[in-house]
Amino acid sequence: MFELIFLGTSASAPSVKRGMPAAMVLHREHRFLIDAGEGVQRQILKSGLGFRRLNKILLTHGHLDHILGLGGLASTFARWEAIPKLEIYGGRWALARVRLLMKVVFMEADIALEIEYHEIGPGVVFEDETFVLRAFRVTHRGPDCLGYTFQEKARRPFLVEKAEALVEPAGPERSRLVRGESVTLADGRIVHPDDVLGEPVPGAKLVYVGDASRIDDLVEEARGADALVIEATYLEAEADLARKYGHLTAAQAATLAREAQVRQLYLTHISRRYSEREVLAEAEPIFPHTVVAKDFDRVRVVKQQ
């Protein structure tokens, strides 16, 4: 299970109700901040998340509305010494802009905060025993734009009835079988994991896209996602502007969700020129399971069996 918290859902500039682009993904002890628009640290505090364990930041691209908040956030971390190290992941161009931003913020000051920059491209960014985080290429204005997929690893359910017929109810043997180890019982019988574990059950899949200008290159990455987050900056009435500035319409985002057979679509990066009702009215007929995200919405992304 992943938990997704929208911290800013506006496009390009803030509105009264929407902050600049940012979101948080939680999984067990891990926290990932995706983008950091202006004012992100206040949004984090208002959401109740706080700064604890917030040491990994994923950038979708280097446009200012997605990175300006990093300056204030890093400054706060450096003053409070709340986070000893900040890891920032992104494409080359995005990281170059962030490095310049940090030079402006800190000048030549000797700060307690260690900032690590990780230049990434498509592929695995992070992995542990429960999930994999991958980056993938996204087409937008400028180079090295990325999206992120959070994928829980498949697990094999423990078949209690089969285990009880083979193994004593208590004891370390069961734990070893769950870990994939064969065990030798006191009577000399050997029990293998395949004897007590069911078929692999896929885990939850969350796909997060920042700004994008086309959807045909996103279908396979988004396929079968339990949740797809993607921009919907324009409506079809202004599709020419969407193409000019390298953004999507709500109809395009909904079409992607339909073609990729995702379970739930969350639209973000909403322009101040449209109401939530207008955006939903365009997307919902194409893909009924659509939500126009609002700041501080919290979503649990689980695999529906």
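In this predicted model, a search of the whole structure finds 14 salt bridges. Side chains of opposite charge can pair when their charged atoms come close. Three of the pairs are described here in turn, followed by a network with shared partners.

Lys-85 and Glu-116 form one such bridge, with their closest N and O atoms 3.5 Å apart. The pair links distant parts of the chain, since Lys-85 belongs to strand S5 (residues 85-90) and Glu-116 to strand S6, 31 residues away. Lys-85 has a relative accessibility of 29% and therefore counts as partly exposed. Glu-116 is also assigned to the partly exposed class, because its relative accessible area is 25%.

Strand S6 also takes part in a bridge through Glu-119, whose side chain meets that of Arg-92 at an N to O distance of 3.1 Å. Because Glu-119 lies in S6 and Arg-92 in helix H4, this pair ties together parts that are 27 residues apart in sequence. Arg-92 is exposed, its relative accessible area being 57%.

Another bridge joins Glu-127 to Lys-153, with 2.9 Å between the closest N and O atoms. Here too distant parts of the chain are linked: Glu-127 is in strand S7 (residues 123-127), whereas Lys-153 is in the loop between strand S9 (146-152) and helix H5 (160-166), 26 residues apart. Glu-127, at 47% relative accessibility, counts as partly exposed. Lys-153 is likewise partly exposed, with a relative accessible area of 32%. Beyond these pairs, Arg-18, Glu-276 and Lys-294 are joined into one network by salt bridges that share partners.

Helix H4, which contains Arg-92, can be followed in more detail. With 15 residues at 1.5 Å a residue, H4 should span 21 Å; the C-alpha atoms at its ends are 21 Å apart, so the two values agree. The expected span is 1.5 Å times one less than the number of residues. The buried residues of H4 are Ala-94, Leu-95, Val-98, Leu-101, Met-102 and Phe-106. Viewed down the axis of H4, the buried residues fall within an arc of 115 degrees, and they therefore line one face of the helix. An α-helix has 3.6 residues a turn, so residues three or four places apart point the same way.

What do the buried residues of H4 pack against? Their partners are helix H2 (64-67), helix H3 (69-80), S5 and S6. The face of H4 turned away from the buried side carries the exposed residues Arg-92, Leu-100, Lys-103 and Val-104. Of these, Lys-103 counts as exposed because its relative accessibility is 56%. The C-alpha atom of Lys-103 is separated by 44 Å from that of Gln-261, a residue 158 positions apart from it along the chain.

Just after H4, Met-107 takes a positive phi of about 50 degrees. Met-107 is found in the loop between helix H4 (92-106) and strand S6 (114-119). With 61% relative accessibility, Met-107 counts as exposed. Most residues other than glycine have a negative phi. A positive phi is also found at Arg-53, where the angle is near 60 degrees. The place of Arg-53 is in the loop between helix H1 (40-47) and strand S4 (56-58). Its relative accessibility of 35% makes Arg-53 partly exposed.

The interior of the model remains to be described. Its largest nonpolar core has 33 residues, and those with the most contacts inside this core are Val-209, Leu-228, Ile-230, Leu-267 and Val-279. Two or more residues are given to the core by each of strand S12 (205-209), helix H8 (219-222), strand S13 (227-231), helix H10 (250-260), strand S14 (265-268) and helix H11 (276-283). H10 provides the largest share, six residues. Which residues does Ile-230 touch, not counting residues up to four places away in sequence? Ile-230 contacts Val-209, Leu-218, Leu-248, Ala-253, Leu-256, Leu-265, Tyr-266, Leu-267 and Thr-268. A second, separate core has 31 residues, including Ile-5, Leu-26, Leu-33 and Ile-44.

Note on methods:
Residues numbered from 1 in each chain as written. Predicted model: local features only at pLDDT ≥ 70, side-chain atom pairs only at ≥ 80, totals over all residues. Heavy atoms only, no water. Helix = DSSP H or I, 4+ residues; strand = E, 2+ residues; numbered from the N terminus. Buried < 20%, exposed > 50% of the residue type's maximum accessible area, 1.4 Å probe, protein only. Core = buried A, V, L, I, M, F, W, Y, C linked by side-chain atoms within 4.5 Å. Contact = heavy atoms within 4.5 Å. Salt bridge = Lys/Arg side-chain N within 4 Å of Asp/Glu carboxyl O. Arc of directions from axis to C-beta.
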